[in-house]
Amino acid sequence: MSKRKAEDTNIEMASGQEKISPKNNFNIGLAEPLKDYQKLIETKVQVDEIVDDEVIKNNFEGIAAAARGVIWQLLFTGTDGDGGVISESQQKASELLEEYKGDATFYDPWEYNKWIITLRDEVLKKELLDFWRNTIVKKQLGPCWSRDCDLFDSDDTPPVEFYAHAGCTAPFAASLKVRAANNELRASEASDAESSREAPEGEERSAERSADDEAAFTGVFDAVITRDQPLSEYRDLMTRFVLTDVIVPDEIQQASVKKIAKAAQDVIWQILFEGNPSQEDQDKAADLLQEYKTDSGFYGPWDYNEWIVKLRDEVLAKQLLDFWREKIVKLELGPCWSRDSDFFENDDDVPLEFYNKAGCKAPFNPPADT
Amino acid sequence: MSGLRVRGLLALSATALGAFYLGSRTERLQQSSDVFPRLPGLPTFGTVSAASLVASNVNLTATPSRISEIMKFGFPGLDNVRSHSDYVLSYDRRNRIPHWVFEHLTAESVAKNDSVDRSKCDFKPDESIHPFFRSQNTDYRKSGFDRGHMAAAGNHRLHQKHCEETFYLSNMAPQVGQGFNRDAWNSLEMHVRKLTKSYSNVYVCTGPLYLPHKEDDGKMYVKYEVIGSNTVAVPTHFYKVIVGEAADHKLHMEAYVMPNKVISNDTPLNVFQVPPETVERAAGLLFFDQINRNQLASINGRKV
């Protein structure tokens, strides 16, 4: 345990100390019982700082006891008075009871569950049947259970019996019946199914690897890129043999990437320098070159950076100035640097020199601090 | 001259031999005092009430022997491990809920026991957790979520204290109440308890998951709510990975993942069965690491 734990606890506890107050100190008036009650809960129970749990518990018990007293008073004293007063105090009692039950479900259902039975008996004895029907039964203010409280679960017995008085039934009785029927049905189905369990479909990926995955895993495949569709063929190779979900040993994956890169270099060289490349050929070569450069930026730019210099020199020697200006310079197809690859950082060299040929300049400004 | 040299040699070798024997003796002494292997568990301190009669085989403190019994098949992870008298927990300080809890159930430990009174159990903050990382009742109140047990109270009925220790808020995670914690999830807990009828020992690991989902932009995100002033994480799913040890010592595994939302009552449990390795990948943990999967007799009811 760290030393800090104890110190922090002490500091935070100190601020909570003043929250302790003797139980008999909780006053709920008859004028606005709900407001008084809410204020007490807010200040003595629902506190955000860390207060000793015992303190919170005691505070809630005290407030709950006060609330029970007031509800009892509102309901059972002065019932001989005139009707207006009665309905008003019943209204207050109903509101407070509802609020108190809501808190009891969270803080302490046990006390509530015991007391609400005595309240019910008194209500029935005094024949406050409206209050029984319209408040306790209708608003389900009987004992807390799994429907309204996380201290219970479906193992626990629902308080059906509590409501079965004065011609009432629990509002949730019907849904319990449906559930019970469902459970029986399921139990019988389950026992039928026990013997004949089927494999769940589509859950597991097949253990067999496809032929492509196998090739990716071993690195045994032919990398062929032709002049017709170089870009899509290159992409297809990458997708099948590099971008797989199979875990491939790193050196094999690197070799596969190199193999496909070599094929890309060869076909670009072929397109540009075997005969006179048409505009369409040049577009194709540039498209592939761009994609290949992007991948290099990720998988390792060193080969590309070396080879692109050779390509440039050949392009200039073969006087393919359009390709030089419109593709290599404009599309920034020179060596990878920190702009296109996470292999580099800001203090690495910027490949300005590369572009200073045939009257061109790098299409980007050098970083301000160089 | 040579006599002097012999004497020097003798003195030297005597010193060396003496040092060697002294060293090996102290090492032996140290080992014998350390009978139990060191376990990465911190017992939480609790007082034992002597008022009630205690069955002789009930541990009331987190003894090393009980912990190694529970953790027989390996630790899923070692972050903030705490041991209680009847379950072991790894606490996720960032999310203020467990990473995992581990339990070992027998028919006896899940049997109805009149000496255990649920109504005496109270959700309480775990004082053994630094205040920065502690969840409180206030975080859960009116959040719309239950204080959902990871180690279920109904699994620990040998003694009142075992049950009470499952009510520490460090053993809770926010769970949807009706339709999940108090229903479907509870059915799964009951199912696990029922397994003690077919297996002499049932080991179960339970914990939260934060699973990604694809949003409209086609990207995957992990998104989960946090509640209260302590920002307690609301997991998207929960798992249970279970191993039952049959009388013939064969091992049977089941794995479940359930979404933390309302699940209709008529959904059968086996809908939620998943291959155990998918849970391991998602949780970043290895369950029952000490068992070779090929040695299992069955996984999710199917022969291996």
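Color chain B by contact range: among its contacts between residues at least 6 apart in sequence, 68% join residues at least 24 apart. Keep in mind as you click around that this is a predicted model. With chain B still selected, switch to cartoon and you should find eight helices and 15 strands. Of its 304 residues, 53% count as buried. Turn on the surface too: the accessible area of chain B comes to about 15000 Å², and 56% of that belongs to carbon and sulfur atoms.

**Stop 1: His149(B)**

Select His149(B), where UniProt, in an unreviewed entry, places the feature "active site". This histidine sits in strand β5 of chain B, residues 146–149. Is it buried or exposed? His149(B) has a relative accessibility of 9%, under the 20% cut-off, so it counts as buried.

Now show what surrounds it. Leaving out neighbours within four places in sequence, His149(B) is in contact with Phe123(B), Thr166(B), Phe167(B), Asn171(B), Met172(B), Gln175(B), Trp185(B) and Glu189(B). For a distance label, pick the backbone oxygen of Thr166(B), which lies 3.4 Å from a polar atom of the His149(B) side chain.

**Stop 2: Asn181(B)**

Next, grab Asn181(B), a "binding site" according to UniProt, again from an unreviewed entry. You'll find Asn181(B) in helix α6 of chain B, which covers residues 177–181. This one is buried as well, with a relative accessible area of 8%.

Which residues does Asn181(B) contact, once neighbours within four places in sequence are set aside? From chain B, display Asp146(B), Arg147(B), Gly148(B), Gln175(B), Val176(B) and Asn186(B); then add Asp150(A) from the other chain. Gln175(B) should already be on screen, as it is also in contact with His149(B). Zoom in on the side chains of Asn181(B) and Asp146(B), and you can draw a polar contact of 2.8 Å between them.

**Stop 3: Asp79(B) and Ser109(B)**

Pick these two as a pair. Asp79(B) and Ser109(B) are 30 residues apart along the chain, and 27 Å separates their C-alpha atoms.

Start at the Asp79(B) end. This aspartate is in the loop between α2 (64–70) and β2 (81–83) of chain B. It is partly exposed, with a relative accessible area of 36%. Beyond the residues up to four places away in sequence, Asp79(B) touches Ser90(B), Tyr91(B) and His99(B). The one to label is His99(B): its side chain makes a polar contact of 2.8 Å with the side chain of Asp79(B).

Then swing over to Ser109(B), in helix α3 of chain B (residues 107–110). Ser109(B) is buried, at a relative accessible area of 3%. Its side chain reaches the backbone nitrogen of Thr106(B) at 3.0 Å. To fill in the rest of the view, leave aside neighbours within four places and show His104(B), Asn155(B), His156(B), Arg157(B) and Leu158(B), which are in contact with Ser109(B).

**Stop 4: two backbone oddities**

Time for some torsions. Most residues other than glycine have a negative phi. Select Phe288(B), which is not a glycine and yet has a positive phi of about 55°. Phe288(B) is in the loop between α8 (276–283) and β14 (298–299) of chain B. What is its relative accessible area? A mere glance at the surface won't help much here: Phe288(B) is buried, with a value of 1%.

Now jump to chain A and pick Ala166(A), a non-glycine residue with a positive phi of about 50°. Look for Ala166(A) in the loop between α7 (160–163) and α8 (173–195) of chain A. Ala166(A) is partly exposed, with a relative accessible area of 37%.

**Stop 5: the rest of chain A**

While you're in chain A, select helix α6, residues 129–137. Show Phe131(A), Trp132(A), Thr135(A), Ile136(A) and Val137(A), which are buried. Why do they line one face of the helix? Look down the axis of α6(A): the buried residues fall within an arc of 155°, so they line one face.

Finally, zoom out and color chain A by its domain assignment, with domain 1 at 33–170 and domain 2 at 174–191 + 211–354. Put a marker at each C-alpha centre and the two markers will be 69 Å apart.

Note on methods
Residues numbered from 1 in each chain as written. Chains lettered and ligands numbered in written order. Predicted model: local features only at pLDDT ≥ 70, side-chain atom pairs only at ≥ 80, totals over all residues. Heavy atoms only, no water. UniProt positions renumbered as here; feature names shortened; annotations may be inferred. Helix = DSSP H or I, 4+ residues; strand = E, 2+ residues; numbered from the N terminus. Buried < 20%, exposed > 50% of the residue type's maximum accessible area, 1.4 Å probe, protein only. Contact = heavy atoms within 4.5 Å. Polar contact = N/O pair within 3.5 Å; in protein donor to acceptor, adjacent residues only side chain to side chain. Areas by Shrake-Rupley, 256 points an atom, 1.4 Å probe, with all protein chains shown as cover. Arc of directions from axis to C-beta. Domains from an automatic or database assignment.
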